[in-house]
Amino acid sequence: MSDRILIIDFGSQVTQLIARRVREAGVYCEIHPFQSVTEATVRSFAPKGVILSGGPASVTEDTTPRAPEELFENLGLPVLGICYGNQTMVAQLGGRITISDHQEFGRAMVDVTEDCVLFEGIWAVGETHQVWMSHGDRIDALPEGFRRVAKTESAPYAVIANDERKYYGVLFHPEVVHTPQGGALLANFVHRVCGCDNAWTMEAFKQEAIAKVRNQVGDDRVICGLSGGVDSSVVAVLLHEAIGDQLQCVFVDTGMLRAGEAEEVVSLFKGHYNIPLIHVDASDEFLGKLDGVTDPERKRKIIGATFIDVFEREAKGIGGAGFLAQGTLYPDVIESVSFTGGPSVTIKSHHNVGGLPERMNMDLVEPLRELFKDEVRGLGRELGLPDTLVGRHPFPGPGLAIRIPGEITREKLDILRKADAVYLDEIRSAGLYDAIWQAFAVLLPVQTVGVMGDARTYESVCALRAVTSTDGMTADYYPFDHTFLGRAATRIINEVRGINRVVYDITSKPPGTIEWE
């Protein structure tokens, strides 16, 4: 087992970024909500160090979260407090926190006043560096054994250190990109302070995951719902390497896939990987149940329920199995935890195959539940999956259904499929595909007047969407130049019968969502 770091979460919006930076340093880590952390759970997890996250509360209030006292009394582990985590550590060890008259939100400049192991090879005494602050409280008095090693204009104790106990605190957020050397500071903590190695690699994870799957599954069979997306594809190839023909993949064509998707999936997994695959064309069943439905939530529920029906039917046809494989990722696990209501192990329903495990009396196999999306892509490359699949943009479970506001018909699906293919072809031709998190076309329930070949047209409007993001939680529109947009619009109008106008969506998330429904 590789060295590991425990991150205790106090509700910060950027706690996930701490985990990402630690893993980028080659060290495995997990995020646990403060309510669930006890001396027993820490000893069981066996970390080589602990990071206390930021959070929205104020240490000056009596009822706000605190770190477990055992962390400072019995465990003897190195601790790094970030923002709120730093403040609660100071308060619990006998220092003083007060509400500041000069709050700091956004970029700030920190002055390095003394040497510190966190700064080795990065910051030197007398230098000034940019950091990202987000706090309204300040440290007025340090606990016994601490010293100041950096300050800002408004925060006299911006970075503090107790070298004997290996306790360190930063008032800023090193995990965000607005603190340019923040990742290096965290790497110094996990390597120089905690003594962690950098053995967290995808090769090591792959071997560990294969062993876990074999141990969990034994001689039983596993069914994997294969969508053709990155997550389910990586799960399928990993499981096939682990258990071979004990795996049965089921690919359900809902009739709402992108152009050529079904053929690509079947060719890759049946031909290239020789993975057992049942291909079910259930398009008539899905589209029949969606006939006349316009409400987006009803669409989602109908599609989810129909998928379960089809999947259950096919699974029974092969004699069933003891396990269902899913592409649950670590952000899903983190987001399923209620910060105010305690820990929960229920993964978001939109990520799972509805109530299928309960209906079919199966246990779950979730080999990716410890990974972030970029790590899943890395694992896919480690498994030999082609870059064309590993680097694919996310595609929603309901497929094109939520990119056609209003009623869904085969004609509309055909129009949208063609427009989407042209748009993505232009993006790839421009060398922009990998710079974009997600790009797609939307067929609007709006018709406009146009002129084509001196004749009047009255056809549909196509909206184009492209966003940049790191995790899909927030997103900015991609700033195409007008030459690209003009070229894409011209091709779509010329090549796709049924569209005579193209618009580009420049809404960020928030306030909008990435998808239109």
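Buried means under 20% relative accessible area, exposed over 50%, and partly exposed in between, with a 1.4 Å probe and protein chains only. The model is predicted: local features need pLDDT of at least 70, side-chain atom pairs count only at pLDDT 80 or more, and totals for chains, interfaces and linings use all residues. Residues are numbered from 1 along each chain as its sequence is written, and side-chain values use heavy atoms, with hydrogens and water left out.

**Exercise 1. Helix α4**

Task: find how many residues of helix α4 (residues 84–92) are buried.

Solution. Start with the term: helices (H or I, at least four residues) and strands (E, at least two) are DSSP runs, numbered from the N terminus. Next, list the buried residues of α4: Tyr84, Gly85, Asn86, Gln87, Thr88, Met89, Val90 and Gln92. That is eight of the nine, so α4 is largely enclosed by the rest of the structure. Finally, look just past the helix: Gly94 takes a positive phi of about 105 degrees.

**Exercise 2. Two residues**

Task: decide whether Asp253 is buried or exposed, and whether Val177 is buried or exposed.

Solution. Take Asp253, which sits in strand β11 (residues 247–253). Its relative accessible area is 14%, so Asp253 is buried. Set aside neighbours within four places in sequence; Asp253 then has contacts (heavy atoms within 4.5 Å) with Ala262, His279, Val280, Asp281, Ala282 and Ser283. Val280 is 27 residues away along the chain, yet the two C-alpha atoms are 6.0 Å apart.

Now take Val177, in the loop between β9 (167–170) and α5 (182–193). Its relative accessible area is 63%, so Val177 is exposed. The C-alpha atoms of Val177 and Leu17 are 9.4 Å apart, with their positions 160 residues apart along the chain.

**Exercise 3. The helix pair**

Task: describe how α15 (residues 410–429) and α16 (residues 482–495) cross.

Solution. First, the geometry. Axes are lines fitted to C-alpha atoms, for helices over the stretch in contact, and angles run from 0 to 180 degrees between N-to-C directions. The axes of α15 and α16 come within 9 Å and cross at roughly 150 degrees.

Second, the residues. From α15, Ala419, Val422, Tyr423, Asp425, Glu426 and Ile427 meet Phe484, Arg487, Ala488, Arg491, Ile492 and Glu495 of α16. These divide into seven nonpolar, no polar and five charged. Here Ala, Val, Leu, Ile, Met, Phe, Trp, Tyr, Cys and Pro count as nonpolar, Asp, Glu, Lys and Arg as charged, and the others, Gly among them, as polar.
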